[in-house]
Amino acid sequence: MARFWVCAAGAGFFLASLVLHSRLCGSPVLRNFAFRISWKSEKVASYRLDLSWPKYSDYFTGATFCVAVDSLNGLVYVAQRGDNIPKVLVFTEDGYFLRAWNFTVDTPHGMFAASTLHEQSVWITDVGSGSYGHTVKKYNTFGDLVQVLGTPGEKGTGLNPLQFDNPAELYVDDTGDIYIVDGDGGLNNRLIKLSQDFMILWLHGEKGTGPAKFNIPHSVTLDSSGRVWIADRGNKRIQVFDKDTGEWLGEWKSCFTEEGPSSVRFTPDGKYLIVAQLNLSRLSLLAAPPVGSIGDCSVISTIQLPDQVLPHLLEVDRKTGAIYVAEIGAKQVQKYVPLNSFVPAFGA
C-alpha cells in the first residue's frame, strides 16, 4: 500500500490514519492516509476522509470541475464535463443522489451556491465555446435558468454590456454582491465586483505581475473581515483586496514557489484558508491573518493526494466545516470531515 502524508508545521504532533478510497485507474484502490497535526496553543483543524460520500460514486461520469454547497438546506452540487452526460448533479450532504440537470450548461468551470432564508440559487461560470459559453449564469435549485451575465457564445472584453472570456469562478456575498474572476487563460485577467442588480461597483482588469494585476485569476472568496482573496494562479500568489473599496491590501507568495493556488476557501471559524494546488495534487491549510494585517503566509498543514488526482476547485460547508474537493484527474468529488468542531460560520 502507498502511504501519503498530511504534514504540519510545529514541534509536537500526533499521527492518525484512515483508509482512502480512490477511483483512480478505473477501480477502487485502498490507501493509508496519515495525518500529522500541529499543536501550538490550541488544536489545529484536522480532517478525515468521509468514505461514505457519496453513497454511489458511479454518478460521476465526466471530469468533475467544481462543487458548491448550500449549507442552509444541506445540498451539494457537482458540475462535470463530458458529452451526453448530466452536467450538474445534486446530492444531500449525507451523499444521497437527488437529481441531475443539463439545461443551458455547456462547459462548467466554477460554481457557487447562494443560500439565504429568502433565496436559494446556484451560479455557474461557463467557459464553453458553444451557444451557452463565456457566461456567468444563475439557476434555481431545480436547474431553471434565472439570469445570464455576459453574451452567450461570444467572448469579449466589454463592460457595457458586460462580456467574459473563460470566467473562472465567482463568490456571492450574503448581501447579494457578486465577485467574479474572469480569465482562465482567456482575453481577460479581471476581478469584478457587481451589485445585486448587476451594476459594476469596482474592478481590477490588467494583466501583469504588479499589485492588483493578474495572470489567470482562478478563484475568489471572502473572509469575515471584509477582505477579498484571489488565487492569482499564473503569478503563483494570493492577492487580497478590501471588499468595499477594491483597495489592494497585500499578497502572499512565499507559500507558492512550486505552483500557484487554484482554489481558496476559509474554514467556518475564519482561522484558516484552505488552498488547492492543481498539478501538485495538494491541499494546504494556511493560517488566516488578523484584522488589519495581511502579513506573510504560513502553512499549518498539507494533505498530499495521490499523483494525478488534480484538485481543481473546492468548497467548504459553512455549517459543518466539511471540505468538498472537485478532482478532475480522479473524476470524483471527495468529502473531508473536520475532526474538531468549528465556531459557527459568519453569516450562517
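## Overall picture

Of the 348 residues in the protein, 57% are buried (under 20% relative accessible area; exposed is over 50%, and partly exposed lies in between, with a 1.4 Å probe and protein chains only). This is a predicted model, in which local features need pLDDT of at least 70, side-chain atom pairs count only at pLDDT 80 or more, and totals for chains, interfaces and linings use all residues. Residues are numbered from 1 along each chain as its sequence is written, and side-chain values use heavy atoms, without hydrogens or water.

The protein has 29 strands and zero helices. Both are DSSP runs numbered from the N terminus: helices are H or I with at least four residues, strands are E with at least two. Among contacts (heavy atoms within 4.5 Å) with a separation of 6 or more, 49% link residues 24 or more positions apart. About 14,000 Å² is exposed, and carbon and sulfur atoms supply 51% of that area. The areas come from the Shrake-Rupley method with a 1.4 Å probe.

## Confidence

The mean pLDDT is 87, and 85% of the residues score at least 70. pLDDT is the predictor's confidence in each residue, from 0 to 100. Two stretches stay under 50. Residues 1-42 do so, with 106 contacts beyond four places in sequence. Residues 343-348 do so as well, with 15 such contacts.

## A four-stranded sheet

Strands β13-β14-β15-β16 form an open sheet in that order, with antiparallel pairing. Strands count as paired if DSSP finds at least two bridges between them. β13 (167-172) and β16 (200-204) are the edges; each has a single partner strand, so one side of each lacks a neighbour in the sheet. Neighbouring strands are turned by 15° against each other on average, direction ignored.

Inside the sheet, β14 (residues 178-182) and β15 (residues 190-194) run antiparallel and are joined by five bridges. Val181 stands opposite Leu191 in β15.

## Leu201 on the edge strand

Leu201 sits in strand β16. Leu201 counts as partly exposed because its relative accessibility is 44%. Beyond its neighbours within four places in sequence, Leu201 contacts Asp177, Lys193, Leu194 and Ser195. Its C-alpha atom is 9.7 Å from that of Ile178, 23 residues away along the chain.

## Annotated repeat

An unreviewed UniProt entry places the feature "repeat: NHL" at residues 205-244. Such annotations may be inferred rather than shown by experiment. In the model, residues 205-244 are 55% strand and 0% helix, and the end C-alpha atoms lie 17 Å apart.

Key
Axes fitted to C-alpha atoms, helices over the stretch in contact; angles between N-to-C directions.
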